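Me: I have a model open and would like to talk through the reasoning behind a few descriptions of it. Could you help me with that?

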Amino acid sequence: MINYNKFFEEIKTLKGNLYQKDFLLTWQKSKDELIKVLLVAEALKHLRDNNISTKCFDSGLAISNFRDNSTRTRFSFASACNMLGLEVQDLDESKSQIAHGETVRETANMISFLTDIIGIRDDMFLGEGNKYMQEVGEALDDGYQNGVLPQRPGIVNLQCDIDHPTQSMADLMHLKNYFGSLENLKGKKIAMTWAYSPSYGKPLSVPQGIIGLMTRFGMDVSLAYPEGYDLIPDVIEIADRNAQNYGGRFKVVNTMEEAFKDADIVYPKSWAPYVVMQKRTELLKASDKEGLKLLEQECLLNNARFKNWECTEEKMKLTNQGNALYMHCLPADISGVSCKEGEVSAGVFEKYRIETYKEAGYKPYIIAAMILTNRFENPVKLLKRMNNKKVKRVKI
Amino acid sequence: MINYNKFFEEIKTLKGNLYQKDFLLTWQKSKDELIKVLLVAEALKHLRDNNISTKCFDSGLAISNFRDNSTRTRFSFASACNMLGLEVQDLDESKSQIAHGETVRETANMISFLTDIIGIRDDMFLGEGNKYMQEVGEALDDGYQNGVLPQRPGIVNLQCDIDHPTQSMADLMHLKNYFGSLENLKGKKIAMTWAYSPSYGKPLSVPQGIIGLMTRFGMDVSLAYPEGYDLIPDVIEIADRNAQNYGGRFKVVNTMEEAFKDADIVYPKSWAPYVVMQKRTELLKASDKEGLKLLEQECLLNNARFKNWECTEEKMKLTNQGNALYMHCLPADISGVSCKEGEVSAGVFEKYRIETYKEAGYKPYIIAAMILTNRFENPVKLLKRMNNKKVKRVKI
Amino acid sequence: MINYNKFFEEIKTLKGNLYQKDFLLTWQKSKDELIKVLLVAEALKHLRDNNISTKCFDSGLAISNFRDNSTRTRFSFASACNMLGLEVQDLDESKSQIAHGETVRETANMISFLTDIIGIRDDMFLGEGNKYMQEVGEALDDGYQNGVLPQRPGIVNLQCDIDHPTQSMADLMHLKNYFGSLENLKGKKIAMTWAYSPSYGKPLSVPQGIIGLMTRFGMDVSLAYPEGYDLIPDVIEIADRNAQNYGGRFKVVNTMEEAFKDADIVYPKSWAPYVVMQKRTELLKASDKEGLKLLEQECLLNNARFKNWECTEEKMKLTNQGNALYMHCLPADISGVSCKEGEVSAGVFEKYRIETYKEAGYKPYIIAAMILTNRFENPVKLLKRMNNKKVKRVKI
């Protein structure tokens, strides 16, 4: 059982201010703020695991806006909102009048009159997703300042073109638990590598999120990908700078093998080539269907040149004592299971399957912590009261 | 801060009975009843703005049935239900077995066993939407009287072919706030005018709702539209009669300019020609796709003859001191923003943009007030208790 | 008014254990367990009818997974969850990444981190639906045992290829109420018969559910269908065995008339031929569109040979004093109403329409009782506390 008092004391020592600030990119937050989110997530998980109600809203709306398909993030967001007492209302753009040329500024206000939080996934187009979230934020500022909205709802990035903070923070929570503490992560080598997949157009946000976040915690981050599969240059710079500022390391290497060498953690995951994502965005804007089809063929052909970028038992032997932790944001393309040839062999995946499920299981609590720290100035006071009151979630 | 006691005294003086009566058309309600809805909406807004819980259902279902696309009304209904403690369950007819020839009578009962309120939007076909709502109501009466339903759920019209009461009542609440009181609206001139739009088939319910309601409050209502864009004759009669009975005025004029002259409020908004809507209903019933396509072309061509029906800075100068309040139910077709040529110039819209957002912001409270007065015989007692108990909505 | 104490005493005498056990097939439950579900459903209905809150979850998620269209079961599940305090989150497989070859094992865990109950409808393919539910269950066991899930969510079968337990149990609750007690059902003759419908591919689960359940309560069950419209042989065996073990009778006859003779209850309902359903499953797996079209034509032609299998006034005269209770799971194919020629004449349906609505009205309570007995070890304690506390559902 957690020692709540000690725990709350720890949160109190952390600086920074998450209150009423959108959570868009982890590198826009101080390290203390990130740790605060982790600790609040842990507290919420402990309360929930002990059947203590974590409701802090008597009523209120949370809006989800998924501009791309989603299962686990959709359910994580729903779970997070439900445990805090918010009801999710999905903005399904296909059922709305938004297609009629309505501006982002207007829609953002129209859905926010009684809204506490907005979760957005927009990860399809390079240069678009994060920009859209910012536009929504500015529209909400405008509405709040002009007396349209009684309060400024917060925004949580549920994956954009640049970062996937609810994923990378859940990954960090998993690593903290797996290795015992954040302290223990210092110097640990993590291999964030591209991997072959027969599918097309996967976002760059997961690898970018990992190299942007793990370098903050003193880890030794190796990024590996085949020629042409670069990430957004700005994020590479951020990872570089983070490594320097936070006592970590960041290196780009050219083979999976090199990245895996002596790694404590491996994260093999497919993504689309940066240049292809750029071209695709242009073709989509121009509604050039023929061009899009050709680009997809070209890209899949190119992908196929790198089928050997698969996380196999053999490659795992290269890792620290052959025993690195395998991570994935799921669903993974598993060779012989979900596809013929994919990111990871069936054997490696099965060995770490339960660990990847646990990794995913932290996401609802991370999202809940992001919401809670956005809406409550003093989360410790709130968590203490929850723990003291001990209202039962299930009325056994 | 509102003086609740004085406020509650005012509600008490109002006659009429909204309890367990569907809200379908504003002209089926007495003036006192309409004022009661306004006051309850204001009370709910004040409580909410002061972080006081307005939950009056511990659990319960609200059903939404959107037979046409919707963003703001969908979210307004969801917000209204959430603030009272009801959970929205959407009746998505595409996912149901209703297509299998199920009768309205049956469906209405099947979804209502544990239901408190049903919100319906059905605005596509002249002569159909309001009729459908009445059929649902009769089916619920039948189910309740025969012991199928433990209670008779209420119905709120979220826009039909005849009226859009949640919109017009929100508009009225906006006018009351903007001009200071309902008393101040007496004698104010409102220009409800057609405006050009490049889109097709917009319902007649907004202009009909406005002329049917504002004539009840002593306003001087001028309706203007090009030849062929008549409204339903019955509603014109109602507006006429209202003007006579409630000390207002109602006049149909032939140009935007004439309507705008000395107006205190302008409401320029596109709608489809009455005759076209009638033809369209017939063609839809006959599934005549070719005919529908031809009708759309014909109608758009006809619309295009009236592109000068645009609310411009120049036309605004005709209004009372050039300073009339611009209103719109949103989304507006803004020239150069959401379309090439539309209902309103970008300059005029931008000047009143925030006001139109505020106008929209009253809708959740109007809907909540309609639900509350439908379900509770003594809303004052309930509101008083909420205000006395002061349960916090957000548990700060 | 119900005598709660006597009622609770009755529940306590029942043996068996529903706690943390999925509800997939009625014949996997002991008779005492089935009666317990009925009694808990009745208690919940009484509490609700008396405006007493039945919330026993402060927060929590219920997942619905409808792999086939649904209106009444969807709303029944939503109602059941809402009355207990659970929020429904729908797993819409078209909006998820499940199409990307994700395994059932993985999805089941991903949606369950904070989930209390999962309701599944999967009734399209013979040999598939129930199997899918079992797979989900095994995945949840695996996740729970491996520390992925903090608890093992329960599963409620909302209709599979074999059984439709929420329907048959609601039907039983209706019969208990109609005839006064379960005791009174002993020896009553029920005619579960095929009936003509112009539609295609209706599941076998309703007739199978009825013969599998009613034989447990000492009823005299006659099953009638035209040649080729057999049910799953295993279920026929179960009905046979049940009749022997529980003092009932089970007989397969060849005409509607023979089944109706002296019946106290008739349940005429269309279903697809077993062989056709088998072929269809194969063709669907092979994506043989041409084959599916041919099969449908063939099947409808075959159906048309049995248009005389209609429940008419004349056939009703054959029943016990011409006064049998007509039952249907709805929607029924009513001749001259929802189709030209169908399962039942308009006259017979209209006479029993209200009874069929009442029959449907028990389903929310049956589902709520299945959830409650799955999640709470001591439902009597819980129901007693609800009745003692008397928290008002509507805060009048």
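Reply: Gladly! Keep in mind that this is a predicted model. A good place to begin is helix H1 (residues 4–13) of chain A, whose axis comes within 10 Å of that of helix H15 (residues 379–389) of chain A, the two crossing at roughly 170°.

Me: What makes H1(A) and H15(A) roughly antiparallel to each other?

Reply: Their axes cross at roughly 170°, and angles over 145 degrees count as roughly antiparallel, so that description applies to H1(A) and H15(A). H1(A) contributes A:Tyr4, A:Phe8, A:Ile11 and A:Lys12 to the contact, and H15(A) contributes A:Val380, A:Leu383, A:Lys384 and A:Asn387. By class, these residues are 5 nonpolar, 1 polar and 2 charged.

Me: Nice. Now chain C: why are strands E2 and E4 said to stand at the edges of the sheet?

Reply: The open sheet has 4 strands in the order E2-E1-E3-E4, with parallel pairing. Strand E2 (87–90) and strand E4 (154–160) of chain C each have a single partner strand, so one side of each lacks a neighbour in the sheet. From one strand to the next, the twist averages 20°.

Me: How do you know that E1 and E3 of chain C pair?

Reply: Pairing takes at least two bridges, and strand E1 (residues 61–66) of chain C shares 6 bridges with strand E3 (residues 115–122) of chain C, in the parallel sense. As one example, C:Ile63 has C:Ile118 of E3(C) as its bridge partner. Helix H5 (residues 129–145) of chain C packs on this sheet, touching E3 and E4 of chain C, and its direction makes about 170° with that of E4(C).

Methods: Residues numbered from 1 in each chain as written. Chains lettered and ligands numbered in written order. Predicted model: local features only at pLDDT ≥ 70, side-chain atom pairs only at ≥ 80, totals over all residues. Axes fitted to C-alpha atoms, helices over the stretch in contact; angles between N-to-C directions. Parallel < 35°, antiparallel > 145°, perpendicular 65-115°, else oblique. Contact = placed C-beta atoms within 7 Å. Nonpolar A, V, L, I, M, F, W, Y, C, P; charged D, E, K, R; others polar.
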